[in-house]
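Please look at the model below before reading the notes. The points cover aromatic rings first and helices after that.

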Amino acid sequence: MDEFSEFFGMPNWSVTNAFRVLTRRKPLEDSSESKLAKVLSAFDLTALGIGSTLGVGVYVLAGEVSKSHAGPAVVISFLIAAIASIFAGLCYAEFGARVPKAGSAYIYSYVTIGEFIAFLIGWNLILEYAIGSASVVKGLSTYLDSLCGYAMRDFLAEHLPINVHGLSAYPDLFAFIVTILFSWAIASGAKESTRVNNVFTMLNLGVVLFVIIAGLFKVSSRNWSIPKSEVPEGYGEGGFMPYGVSGIIKGAAVCFYGFIGFDCIATAGEEAKNPKKSIPFAVIVSLAMIFLAYFGVSTVLTMMLPYYAQDESAPLPHVFRIYGWHVAEYVVTIGAMFGLCASLMGAMFPLPRIVFAMSNDGLLFKCLGEISTKYKTPFKGTMLTGLLCGILAAIFNLSQLVNMMSIGTLLAYSMVASCVLMLRYEVDDRRDSRIIGNGRVIMGQEQTCSLWRRLFNLNGQTVSTRQTSRIVTVVVTLFSIWCLIFSQILTKFEEDLAHTTQFDVLLLILGAIPLILMLFIISRQPTSGVKLSFKVPLVPWLPGISILVNIYLMIKLDIMTWVRFGVWITIGLAIFLSYGIRHSRLRQREQRNNSMTLLRDSSDTTLLKQDRSKYGNEVPLILMHSSS
C-alpha cells in the first residue's frame with residue numbers, strides 16, 4: 001500500500017490524501033515565463049473567433065432552422081441563442097482577464113477546481129477540437145468534390161476501397177493532405193497563421209455582406225405573414241411563428257451550436273500582446289458580429305422565399321438560383337469555401353495550445369509541449385495533432401461523432417461559468433480586518449452563528465473568508481445538480497407545449513424556486529476584492545443562466561454520444577493515472593518544498609544538538625537571553 005501511495009505522490013494512503021492530490025490547484029499568478037511569442041493583437045483574436053465560429057454555418061443554419069423548426073421566427077431563435085452564447089462568452093472574457101494563459105477552460109478549471117477535473121476538461125477539449133477539425137476538412141473535401149461531379153469519390157472508392165464497417169468507404173487523401181498543410185501553416189508561427197486566417201475571415205464576411213445587400217432588393221414582408229391556407233401540409237400554421245413558441249425554442253437550441261467556437265480565442269492567451277484587455281474585447285466583438293451575420297442572412301433569406309420552400313442543405317445558392325442570379329450563386333459558393341477554410345484554421349489553431357498547456361504542466365507527455373526555437377510555437381505538438389486530425393478525416397466516417405463536439409464544448413462552458421462564480425467569491429485574506437473609510441473595521445473572521453444566518457449573510461459580512469468561499473462552492477455544486485433535474489422538467493414543455501397541464505406548470509414553478517434561491521444565497525456572500533480589467537455583470541445570475549442552458553442542451557444529446565464520450569474519458573483516465581499524476585509539475589513543486597522543509601528542520605535539529613553538547617544546561621538560558 002505504501003508503494004501504491006508513493007506512486008501517486010501521497011505520503012500514505014487515505015481518502016484525505018487522495019482528495020488532496022486530485023484537487024491540488026495551480027497558483028492563479030504563475031510566475032513562470034511563457035516561451036510562446038506574444039504577437040497577436042485584438043484584431044487577430046477577433047478574426048480568429050469570427051472565423052472559427054461563423055464558418056459554413058451561416059450558409060446552412062438559417063434555411064434548416066426556418067424550414068424545420070421556427071419559420072420566419074428563426075431571427076428570434078438566433079437572438080435567443082446569441083444571448084445564451086454571450087452569457088458563456090462573458091464568463092470566458094472574465095477568465096481571460098484573470099488568467100491570460102494558453103489552455104482555455106483547462107487552465108481556468110486548474111486554478112479553480114483542481115488537477116483532476118482540469119485534466120478531464122483538457123482531455124475533453126482535445127477530442128472536441130480534433131473531431132471539429134476533421135469534420136470541417138471532411139466538409140471542405142466533400143464540397144469541392146461535389147463541384148467536380150464527385151470525381152474524387154468515384155476514383156478513390158474504385159481503386160482504394162475500405163471495406164470496414166464504421167469507417168469511410170474510401171481514404172480521403174485530399175482531406176489528409178489539406179490537414180497536414182494547415183498544420184504546417186499553424187506550426188510556422190502564430191502571427192503567420194493568423195494572417196492567413198484574417199484573409200479567409202475578411203473574405204467570408206465580405207460574401208455575407210454581399211448576400212445581405214443583394215437580397216434586400218428582393219425581400220417581401222408578405223413571406224413573414226403567409227396565411228395558413230397557402231402553407232403546405234406539415235409546415236405549421238403559417239404566419240411569423242408557424243411552429244409556435246416551442247418551435248422557436250427548438251430552433252434556438254440548434255442555432256446555439258452555430259455560435260460554438262469563440263472559445264478558441266481564450267486558448268491564445270499566452271500569445272496575445274495584451275491578453276487581459278484583448279481577450280474580453282475579442283470575445284464580445286466576435287460574438288456580436290457573428291449574431292449580426294446570422295440575423296442579417298436569416299432575415300433576408302426568409303423574406304426572399306417562403307420558409308417552407310427553403311433548401312435545408314444549401315439555402316443561399318438555392319434562393320439565388322430561383323431568382324436567376326447565377327453570379328450571386330457562384331459568389332456564395334466561393335464564400336462557403338472561404339468559410340470552411342476559416343473554420344478549419346479556427347478549429348486547428350487551439351488544439352496544439354491545449355496539448356502544450358497540459359504537457360507544460362506535466363499531465364501529458366513532455367515532447368508534445370516543446371517549443372521550437374525557430375518558430376516559437378509547439379511545432380512537434382502541432383504536427384502530431386494535425387496528423388491525428390488528418391487520420392480521423394481520411395479514414396473515419398464522422399457523422400456519428402459530430403455530437404461529441406457538443407458535449408466537450410457545453411461541458412467546458414458550464415465549467416467556466418462555475419469557475420467564475422467560485423473565483424468571484426474566493427477567500428480574500430488581503431482584506432481581512434482592514435479599516436475602511438468611515439473608520440469601521442471590516443471583520444473577516446469565521447462566523448459562529450447559525451447556518452441560515454451564514455447562508456443569507458444576515459450579519460452583513462463584507463469580507464470573503466474560507467467559510468463563505470466553501471458555502472459558494474457547495475451551493476454552485478448543488479445548483480449544477482439541480483439544473484439536471486430542472487432540465488428534465490423543461491424538456492416536457494419543449495416537446496409538447498400545447499398539451500402541458502396545470503400540474504406541469506406547477507412542477508416547473510416548484511423546480512425553478514430552488515434555482516432562484518441558490519443563486520440568491522450566492523449573491524448574499526461577500527465577494528473578492530481582486531481588481532480585474534473586465535468582470536461579468538450581474539453575478540451570479542448570468543453565470544447561473546449559462547450553466548442551466550448548457551446542461552439543458554447536454555441532456556438533449558443521444559445516449560450513444562454519451563457512451564462514446566465515456567470511452568474517450570476512460571482512455572484519458574488511464575493516461576492520467578499512469579503518467580500525469582506522477583509527472584505533474586505541482587507534485588514536483590510540492591516534493592521540492594517538502595524536501596527543503598525536511599532539510600531545514602534536520603539542519604536546525606543538528607545545530608541545536610551541537611549547541612546543547614557544547615553549553616549543556618546553559619543552552620535554554622542562553623537562547624532565552626538571546627531571544628529576549
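1. One aromatic cluster is formed by Phe 116, Phe 119, Trp 123, Trp 568 and Phe 576. Keep in mind that the model is predicted. Across the whole structure, a search finds 22 aromatic pairs.

2. The pair of Trp 224 and Phe 240 can be described in detail. Their ring centres are 5.1 Å apart and their planes stand at 55°, so the pair is tilted. A tilted pair is one whose planes are neither under 30 degrees apart, which would be stacked, nor over 60, which would be edge-to-face. Trp 224 and Phe 240 both lie in the loop between helix 10 (190-215) and helix 11 (244-256), so the pair ties together parts that are 16 residues apart in sequence.

3. Are these two rings buried or exposed? Trp 224 is partly exposed, with a relative accessible area of 23%. Phe 240 is also partly exposed, and its relative accessible area is 27%.

4. Two arginines are placed over aromatic rings. Arg 153 lies over the face of Tyr 150, at 4.3 Å from the ring centre. Arg 453 has its charged end over the ring of Trp 452, 5.7 Å from the centre of that ring.

5. Helix 14 covers residues 326-348. Its 23 residues, at 1.5 Å a residue, should span 33 Å, and the end C-alpha atoms are 33 Å apart, which agrees. Of the 23 residues of helix 14, 17 are buried, so this helix is largely enclosed by the rest of the structure.

6. Helix 5 (residues 74-98) can be checked in this way too. At 1.5 Å a residue, its 25 residues should span 36 Å; the end C-alpha atoms are 36 Å apart, in agreement. Helix 5 is mostly covered, with 20 of its 25 residues buried.

7. How do helix 9 (residues 173-187) and helix 16 (residues 379-395) cross, and at what angle? Their axes come within 8 Å and cross at roughly 160°. That makes helix 9 roughly antiparallel to helix 16, because angles over 145 degrees count as roughly antiparallel. The crossing of helix 9 past helix 16 is right-handed.

8. Helix 9 also meets helix 7 (residues 115-147): the two axes come within 9 Å and cross at roughly 130°. Helix 7 is therefore oblique to helix 9. Helix 7 passes helix 9 in a right-handed crossing.

Definitions and conventions: Residues numbered from 1 in each chain as written. Predicted model: local features only at pLDDT ≥ 70, side-chain atom pairs only at ≥ 80, totals over all residues. Heavy atoms only, no water. Phe/Tyr/Trp six-rings, centres within 6.5 Å; stacked < 30°, edge-to-face > 60°. Helix = DSSP H or I, 4+ residues; strand = E, 2+ residues; numbered from the N terminus. Buried < 20%, exposed > 50% of the residue type's maximum accessible area, 1.4 Å probe, protein only. Lys NZ or Arg CZ within 6 Å of the ring centre and 35° of its normal. Expected span 1.5 Å × (residues − 1). Axes fitted to C-alpha atoms, helices over the stretch in contact; angles between N-to-C directions. Parallel < 35°, antiparallel > 145°, perpendicular 65-115°, else oblique. Left-handed = near helix turned anticlockwise from the far one by under 90°.
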